[in-house]
Amino acid sequence: MTRASLRTRKNYKWIYLFLLPTLIIFLLFYFVPIIQVFFTSFSSWDGFNSPSFNGVDNYMTLFSRSSFHLALRNLLIWSLIAATVHVGFGVIVAFIFYRQPAGWKLTRTLFMIPNVISAAAWAMIYRFIFNNQFGVLNQLIRTVNPDFSVNWFYSSPWAFIAVTLTWVFYAVIVALVVHGDLMNIPQEINEAAVIDGASPWQLISRIQLPLCRASIGTSIIISISSRITMYEQISLTTAGGPGDDTISLSMMLVSAVMDYRYGFANAIGVIMFTLGIIILLVVNRLLKMNESVY
Amino acid sequence: MKKVLSIVLTALVAMSLFAGGSQESASSDSGVIEITIPSYKTGENVGAVFFEPQVERFNAEYEGVYKINLEAVPQANFNDRIKQLAQQGQLPVLVQGGDLDWFANVAIPNGMAWDMSEWINSTPAVKDMMLADALEFCTTDDGAIYSFPLATIRPIGFFYNTALYNPSEDISKMPMDDWIASIGDQKIAFSTAENGWVAALFLTALIADEEGGDEWLQSGVDVKITDFNNGIMINAVSRLQDLLQNNASANSIGATYADAANAFMSMQASMISNGSWMSTDFEETNAANWSNGFDGADVRASLFPGNVGVANAATYGEWWISADASEDEIELAKAFLEFIYTPEELEGFLLAEGGSAPNLTYSESFLEAQGEVQVLADLAADTDSESRFVPCILDVIPQSVANVEFGKLLPSLADGSYSAEEFCNWMTEKALEATM
Amino acid sequence: MRKVISTVFMYAVMAFVILISAFPILWVMMSSFKSNGEILTSALSLPSGFDFSVYISLFTDYSFPRYFLNSILVSSFATLFSLLVFAMSAYVIAKYRFPGRMLLFVLFTVTLLVPAHSRTQPIFSLVMNLGLYNRLSGVTLVYLSAGLAMSLFLLRAGFMSVPDSLSEAAEIEGAGFFRTFWSVNLPLVKSSLSTAGILMFLNNWNEFYFASLLTSSDSVRTLPIALSFFTSEFSYNYTYLFAALTVVILPGIVIYAFASDQVQASVAASGVKG
């Protein structure tokens, strides 16, 4: 710590030089929007005329909406699923890749396909897969149970499950990030553990997993952030329905923009920011991501 | 060596990045006044079939004087693009469509649109073609006209496949209830996903059939409707629910427009509601998209029972002119707008996309040609002085309700998990949220 | 016995991954050879034949090779440049404790959550004022900002797992700040760089909103815009849609397969094992 700050003081010029390009990008592309979103969230603004300040009205209206409560509930459930099942699956795949079984490279390449396809196209494909009449999923289920009939995206409670299924196992980013971290573990550490008599399971749970906590934390933050911003997967499948079963903050934000209620939309945006920052700080703290691993 | 090669390659690529697309040029050396305008009625868009050749005809007609170049841009985000161009003072000379609320609240008050009233008033060839309702709507209190008023109206009814359904009477002259009773278990292709377009058209006809329904819909043209908890809407929705449950084609729940169109064109439904522009889908040239023995020649069209067509003349037109345009460019724009309202072009438009031009005296050849396109002839024959035109329900409610909430709840209405009352209550709640 | 179980488990997971990832796209490709009616009535059946006429008309009506080239140019330029820039700031944020460090990190990462609608106006006017409207360079410029949060995250985590002792040793040997970054730390985060690079590239590859807003002519069109022509209002031709999807998606997959092998090879060659 003291040593680090000593080095820091000597290198101020370099540090800020290194930050400068990113800072310029930030100022050019994000600074004005963030300021604008924040300030107009306290106003009534149609996007045409100048905004008129209305205090915390937008927030009060938002907090009183049942759809907002449902959106928060959905986000909470999705975030929990993201942090456990989604990240967990990605970690499992990463550990499998780490052992390099035959065909792992091919699997890794194929796993990336869903990310090569735009979210819009992916949602469209999923509408076909989940279609009740001719969708692949139901046709498969019907080979076992001929009477099966579920309109996945359009009936309660299936819609929530269907939307979740469009992303939950597509954890290629998690797998890549964690795999990269695994590859960085010095061989000596693994060898030393084996010599000390660690079982393969102990090697994973006591040595390798803790050493990957930075990448696992990164994965959790990225996957929860993706749940906060998730839009196409919902708007092009359930549109938040049936009822408000699959409503999200992003859907509410876009609806508000459609009605020229930019002040209100931006209040939703501020809530999304705030949630993102909280997640970032909490996960950082919990996984001690600020501390160097070695 | 490898390094040099990669630097040269990088430089080449970087140069190609800065090479631009075509830039708008006001005039060329030859004295031809030339403009470039973005349009979404290009390429695969349904509107391109007529619009692209029309611009070519204009360019041919005015060869050596005027020339319009089209830039094909996607329909998605088209309105955003216009707004952003306007903010930068870079509007194209001729602006197509756009966001109507934005046009009324921003473009007009900020002087972005050129006032065409003087020109229209002194050009009877154009003015005489315009619909009275449209002209009135587009004329501001102080007499200015910023949007080119419509000359044609395209009432939407529905199409039916005579191979499956052969009504014995003239459908449009039947009362709605009689017609519903008469169709038995005929299937209607509904779309209930996206904005629920096809279902919304039927709902509009059902609302118009209710006592006072016409007026109720019309009232939304000026002030968006936010209260749906009334007898008119609840009755209409519950009748729609019956149709959805008894007469919807098998794939209707969660069907997009594409699903509905395909259900109709593969004999899985005998009826579908859509605008007359769909007529080109039933021509022989489109046969590759038919299946299951569907034949476009079997398709007929009708206004809705009760002699109702979905259409609204009291709206802005398709075109406006940028106030920043130079005098030469405005001359070109006027020439183009005058050109598209010549009898030949109007008739061509009607033949391609359907509808009628009430102020135009049709030529013999037009009537003959229209008679050959069965569905257009059907709609023209149904349209008489008794016909009632009502605006589509989706156009008279807040946008988020029209684009999201309405379609979002249709599947639940269809599968019975929401009653008509609950549906209307939901719409009301969401409409209030959208405006409060 | 334990070994058998774990092998079976590994291959079961891999089979599942392949199924859920490859099946949808295979289905799209297969459907592009079927008629509209076949797609709707028998979704799972194999196409009755391989008729390439749809693909031929796609390539004659549209300049897909051009769009493809544009997409490659825009995506790769933006990715390479921003990768370097973001690596620089991720490095100092990970390795040095300077005033404002956490604030900058939080600010940079919340960019992920800025709604597109509020970014539209400033970006459009920036591109216009620079005279880059309807130019590939304008789109490239905007894409520079795209992966900020995600890349910073991945790269910061990468740099943090590089032992400080290496940098210290280098400095003792007289390496300057830049050399320590470039020759000591950067090579050790190749896997983070490749992950961030691939994700940014694919993001740019798929980006539609700004590309559609900032370009208007055919010569600067990218693949996602071309695709949008087939999903516009009142289009219902699934065969064309699936063929267009295939044409747009396939090159992306090939590029990824190729690039990931290259990247992997370079990571292996540098002998990075700590």
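Let me start with residues 22-27 of chain B, where pLDDT stays under 50 and for which the model nevertheless has eleven contacts beyond four places in sequence. This is a predicted model, and I would ask you to keep that stretch in mind as we go through the rest of chain B. Taken as a whole, chain B has a mean pLDDT of 90, with 93% of its residues reaching 70 or more.

The domain assignment of chain B gives two domains, each in two pieces: domain 1 takes in 20-149 and 315-371, while domain 2 takes in 157-311 and 391-435. Between the C-alpha centres of these two domains of chain B there are 31 Å, and the contact between them draws on five residues from domain 1 and four residues from domain 2. On the domain 1 side of that contact in chain B, the residues divide into two nonpolar, two polar and one charged.

Staying with chain B, I would like to look at helix 13, residues 327-340, which has 14 residues and reaches 20 Å from its first C-alpha to its last, close to the 20 Å expected at 1.5 Å a residue. Which residues of helix 13 of chain B are buried? They are B:Glu329, B:Leu332, B:Ala333, B:Phe336, B:Leu337 and B:Ile340. Because these buried residues cover an arc of only 130° around the axis, they sit on the same side of helix 13 of chain B.

Now to chain A, which has 16 helices and two strands, and whose C-alpha trace spans about 70 × 65 × 30 Å along its principal axes. Of its 294 residues, 49% count as buried, and among the contacts in chain A between residues at least 6 apart in sequence, 68% join residues at least 24 apart. Chain A is divided into domain 1, residues 1-31, and domain 2, residues 41-286, with the C-alpha centres of the two lying 32 Å apart.

One residue of chain A that I would single out is A:Asn115, which lies in helix 6 of that chain, residues 113-116. Why does A:Asn115 count as buried? It does so because A:Asn115 has 22 C-beta neighbours inside 10 Å, where the cut-off for a buried residue is 20 or more. Leaving aside neighbours within four places in sequence, A:Asn115 is in contact with A:Val172 and with C:Leu202, one partner in chain A and one in chain C.

That brings us to the contact between chain C and chain A, which takes 73 residues from chain C and 77 residues from chain A. Several helices of chain C each supply at least two residues to this side, including helix 4 (64-95), helix 11 (190-206) and helix 14 (238-269), but helix 1 of chain C gives the most, with 13 residues. The residues on the chain C side divide into 53 nonpolar, 16 polar and four charged.

Finally, chain C also touches chain B, with 36 residues of chain C in contact with 33 residues of chain B. Among the elements of chain C that give two or more residues to that side are helix 2, helix 7 (136-144) and helix 12 (209-214), and the largest share, five residues, comes from helix 6 of chain C. How do the residues of the side of chain C that touches chain B divide? There are 15 nonpolar, 18 polar and three charged.

Key: Residues are numbered from 1 along each chain as its sequence is written. Chains are lettered from A and ligands numbered from 1 in the order in which they are written. This is a predicted model: local features need pLDDT of at least 70, side-chain atom pairs count only at pLDDT 80 or more; totals for chains, interfaces and linings use all residues. pLDDT is the predictor's confidence in each residue, from 0 to 100. Two residues are in contact if their C-beta atoms, placed from the backbone, lie within 7 Å. Domain bounds come from an automatic or database domain assignment. Ala, Val, Leu, Ile, Met, Phe, Trp, Tyr, Cys and Pro count as nonpolar, Asp, Glu, Lys and Arg as charged, and the others, Gly among them, as polar. Helices (H or I, at least four residues) and strands (E, at least two) are DSSP runs, numbered from the N terminus. The expected span of a helix is 1.5 Å times one less than its number of residues. A residue is buried if 20 or more other C-beta atoms lie within 10 Å of its own, exposed if 12 or fewer, and partly exposed in between; C-beta atoms are placed from the backbone. The arc is that of the directions from the helix axis to the C-beta atoms.
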